[in-house]
Amino acid sequence: MNYWLFKSEPRSYSIDDLARDTKTFWDGVRNYQARNFMRDDMHIGDRIFFYHSNADPSGIVGLAEVTSEAYPDQTAFDKMDHHYDPKSKKDNPAWYGVDIMFCKKFSRTISLEEIKNTSAVKDMLVARRGMRLSVMPVEEKHAMRILAMAS
DNA sequence: GCCAACGTTGGC
DNA sequence: GCCAACGTTGGC
């Protein structure tokens with residue numbers, strides 16, 4: 001089982017939205033590296049740290065779980081959709097997503113500042129300067145520490 | 001709202 | 001294939 005971190009702006013889709021929906025398809029990823037993680041390395045049962053970006057404060061707010069292998073992102077085919085991409089064809093999809101399920105909302109936000117100031121987790125990818133990936137792997141040792149910090 | 005960082009696009 | 005221009009992300 002692998003651990004991941006998904007970023008989302010709470011104004012677009014927050015952990016509370018996921019708690020309400022119980023599950024959702026993670027669409028709209030339009031970065032090749034993030035797509036490759038989902039398509040090639042993500043599997044059912046993997047755990048997801050849900051991260052609020054552009055938030056006050058930004059940070060990890062909860063836990064979700066991958067409930068499907070990656071499959072084509074239909075929003076890429078929809079001209080009316082904000083994430084429409086003419087490069088993605090139904091017989092050769094460019095973009096993929098996975099189904100995720102809500103697990104829990106942490107009792108507190110583990111802010112980016114706290115991550116950067118905690119030696120055991122300060123090397124997490126999400127804390128790296130200029131890191132703009134919206135889907136990224138989390139090392140198991142870091143995942144353990146974050147879970148401990150959240151409880 | 002500013003702007004640094006970075007990915008993508010497109011002219012050549 | 002280079003690289004400048006441009007658009008987006010996301011912390012602050």
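# Exercises on a protein–DNA model

Of the atoms of DNA strand B that come within 4 Å of the protein, 75% belong to sugar or phosphate and the rest to bases. The model is a predicted one, and the exercises below treat its DNA contacts and its sheet.

**Exercise 1. Identify the residues around DNA strand B and state which parts of the strand their polar side-chain atoms approach.**

Step 1. The surroundings of DNA strand B consist of Y32, K87, R129, G130 and R132.

Step 2. Sorted by class, the residues of this surface are one nonpolar, one polar and three charged. Under the classification used, Tyr is nonpolar, Gly is polar, and Lys and Arg are charged; therefore Y32 is the nonpolar residue, G130 the polar one, and K87, R129 and R132 the charged ones.

Step 3. Consider the phosphates. A polar side-chain atom of R129 is 2.2 Å from a phosphate oxygen of DNA strand B, and one of K87 lies 3.4 Å from a phosphate oxygen of that strand.

Step 4. Consider the bases. For R132, a polar side-chain atom is found 2.7 Å from a base oxygen of DNA strand B.

**Exercise 2. Carry out the corresponding analysis for DNA strand C, beginning with the residues around it.**

Step 1. Around DNA strand C are K7, Y51, S53, N54, S58, L112, K116, R132 and L133. Of the atoms of DNA strand C within 4 Å of the protein, 62% are from sugar and phosphate.

Step 2. The surface near DNA strand C comprises three nonpolar, three polar and three charged residues.

Step 3. Two contacts involve phosphate oxygens of DNA strand C: a polar backbone atom of N54 lies 3.0 Å from one, and a polar side-chain atom of S58 lies 2.8 Å from one.

Step 4. R132 is listed around DNA strand B and also around DNA strand C. A polar side-chain atom of R132 is 2.6 Å from a base oxygen of DNA strand C, and one lies 2.7 Å from a base oxygen of DNA strand B.

**Exercise 3. Establish the strand order of the open sheet and explain which strands stand at its edges.**

Step 1. The open sheet has six strands, ordered β2-β7-β4-β3-β1-β8, with mixed pairing.

Step 2. β2 (23-25) and β8 (135-138) each have a single partner strand, so they stand at the edges with one side left without a neighbour in the sheet.

Step 3. On average, and with direction ignored, neighbouring strands are turned by 35 degrees against each other.

Step 4. The mixed character can be followed pair by pair. β1 (residues 3-8) and β3 (residues 47-52) run parallel and are joined by six bridges; W4 has I48 as its bridge partner in β3. By contrast, β4 and β7 run antiparallel, with seven bridges, among them that of G59 to its partner S111 in β7. β2 and β7 are likewise antiparallel, joined by three bridges; K23 is partnered by M101 in β7.

**Exercise 4. Determine which strands helices α2 and α4 touch, and relate the fold to the annotated domain.**

Step 1. Following the pairing of β1 with β3, helix α2 (residues 32-41) packs on the sheet and touches β1 and β8, its direction making about 60 degrees with that of β8.

Step 2. Helix α4 (residues 140-150) also packs on the sheet; its contacts are with β1, β3, β4 (59-66), β7 (99-111) and β8, and its direction makes about 60 degrees with that of β7.

Step 3. An unreviewed UniProt entry annotates residues 2-149 as "domain: EVE". That span is 22% helix and 30% strand, and its end C-alpha atoms lie 19 Å apart.

Methods:
Residues numbered from 1 in each chain as written. Chains lettered and ligands numbered in written order. Predicted model: local features only at pLDDT ≥ 70, side-chain atom pairs only at ≥ 80, totals over all residues. Heavy atoms only, no water. Near = heavy atom within 4 Å. Polar contact = N/O pair within 3.5 Å; in protein donor to acceptor, adjacent residues only side chain to side chain. Pairing = 2+ DSSP bridges. Helix = DSSP H or I, 4+ residues; strand = E, 2+ residues; numbered from the N terminus. Axes fitted to C-alpha atoms, helices over the stretch in contact; angles between N-to-C directions. Contact = heavy atoms within 4.5 Å. UniProt positions renumbered as here; feature names shortened; annotations may be inferred.
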